[in-house]
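Let's take a walk through this protein, strand by strand. Keep the picture handy and find each part as we get to it.

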Amino acid sequence: MDNYEFVKGFPNHLSPKRNDIYVSSKRSVKSLLKRADKLLIEETKVKQINVFALGNAINKAIDFALDLQEKYCHQLKLTTSTSTVELFDEYQPKTEDQEPITQKRYNSAIHIKITRKYNFQIPQNQQTNTSQNTRK
């Protein structure tokens, strides 16, 4: 395998929607919360946030969803499902006389649907933070 370069496979999925949040192990929970705040407070038409994560990022996705639920005083409903995703890794040859090698592997995945409860209200501390952010 010295003559090949490893290219990590990514899952096939539809193009992301405005209300989709993809969690990776490199992305901070703070940035995820900021994105969710924008969807929940500023974009009132968004009724549901879809959170997706694979493998090592699953714990971060769960922590993020629980932090968000606590931040909004448990006014959000979390619906979780798990699955196994098929990924295809590729080994690209470093020379032209060889063919690429594809290898199949499986990884755990989580999908968390976050929806507003019927009587959803923005907590006072969130209203203050949002108005301060828009003034800057």
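In this predicted model, Val-23 has Ala-53 of strand E3 as its bridge partner. That bridge belongs to a bigger pairing: E2 and E3 run parallel and share 4 bridges. Getting from one strand to the other involves a helix, since E2, helix H1 (residues 29-42) and E3 form a β-α-β unit that is right-handed.

Now stay with Ala-53 and look to its other side. Ala-53 also stands opposite Ile-110, which sits in E5. Here the sense is antiparallel, with 7 bridges between E3 and strand E5 (residues 101-116).

How do the strand pairings compare on paper? Here they are together.

| Strands | Sense | Bridges |
|---|---|---|
| E2 and E3 | parallel | 4 bridges |
| E3 and E5 | antiparallel | 7 bridges |
| E1 and E4 | antiparallel | 4 bridges |
| E4 and E5 | antiparallel | 16 bridges |

You can pick out single positions in the lower two rows as well. Strand E1 covers residues 4-7 and strand E4 covers residues 76-93; look for Glu-5, which stands opposite Gln-92 in E4. Further along, Leu-87 faces Arg-105 in E5, and E4 and E5 are the strands that pair over 16 bridges.

Step back for a moment to see the whole chain. It has 3 helices and 5 strands, and reading along the sequence gives the pattern β-β-α-β-α-β-β-α. Take the contacts between residues at least 6 apart in sequence: 76% of them join residues at least 24 apart.

Back to E2 and E3, because they share something besides bridges: an aromatic pair links Tyr-22 in strand E2 (residues 20-23) with Phe-52 in strand E3 (residues 48-54). The structure holds 1 aromatic pair. Why does it count as stacked? The ring centres of Tyr-22 and Phe-52 are 5.1 Å apart and the planes meet at 20°, and planes under 30 degrees apart count as stacked. The pair ties together parts that are 30 residues apart in sequence. As for burial, Tyr-22 is partly exposed, with 28% relative accessibility, and Phe-52 is partly exposed too, at 24%.

Asn-50 is another residue to find in strand E3. Is Asn-50 buried or exposed? Its relative accessible area is 9%, so Asn-50 counts as buried, the cut-off being under 20%. Its side chain makes a polar contact with the side chain of Gln-48, at 2.6 Å. Setting aside neighbours within four places in sequence, Asn-50 touches residues including Asn-19, Ile-21, His-111 and Ile-112.

Next door in the sequence, try Ile-49. Leaving out neighbours within four places in sequence, Ile-49 is in contact with residues including Ile-21, Ala-36, Leu-39, Leu-40 and Ile-114.

That brings us to the core. In soluble globular proteins, nonpolar side chains tend to be buried together. The largest nonpolar core in this model has 24 residues, and those touching the most other members include Ile-21, Val-23, Ile-49, Val-51 and Phe-64. At least two residues of this core come from each of E2, H1, E3, helix H2 (58-71) and E5. Which element gives the most to this core? H1 does, with 6 residues. Over the chain of 136 residues, buried ones make up 32%.

Key. Residues numbered from 1 in each chain as written. Predicted model: local features only at pLDDT ≥ 70, side-chain atom pairs only at ≥ 80, totals over all residues. Heavy atoms only, no water. Phe/Tyr/Trp six-rings, centres within 6.5 Å; stacked < 30°, edge-to-face > 60°. Buried < 20%, exposed > 50% of the residue type's maximum accessible area, 1.4 Å probe, protein only. Polar contact = N/O pair within 3.5 Å; in protein donor to acceptor, adjacent residues only side chain to side chain. Contact = heavy atoms within 4.5 Å. Pairing = 2+ DSSP bridges. Right-handed = clockwise from strand over helix to strand, strands pointing away. Core = buried A, V, L, I, M, F, W, Y, C linked by side-chain atoms within 4.5 Å.
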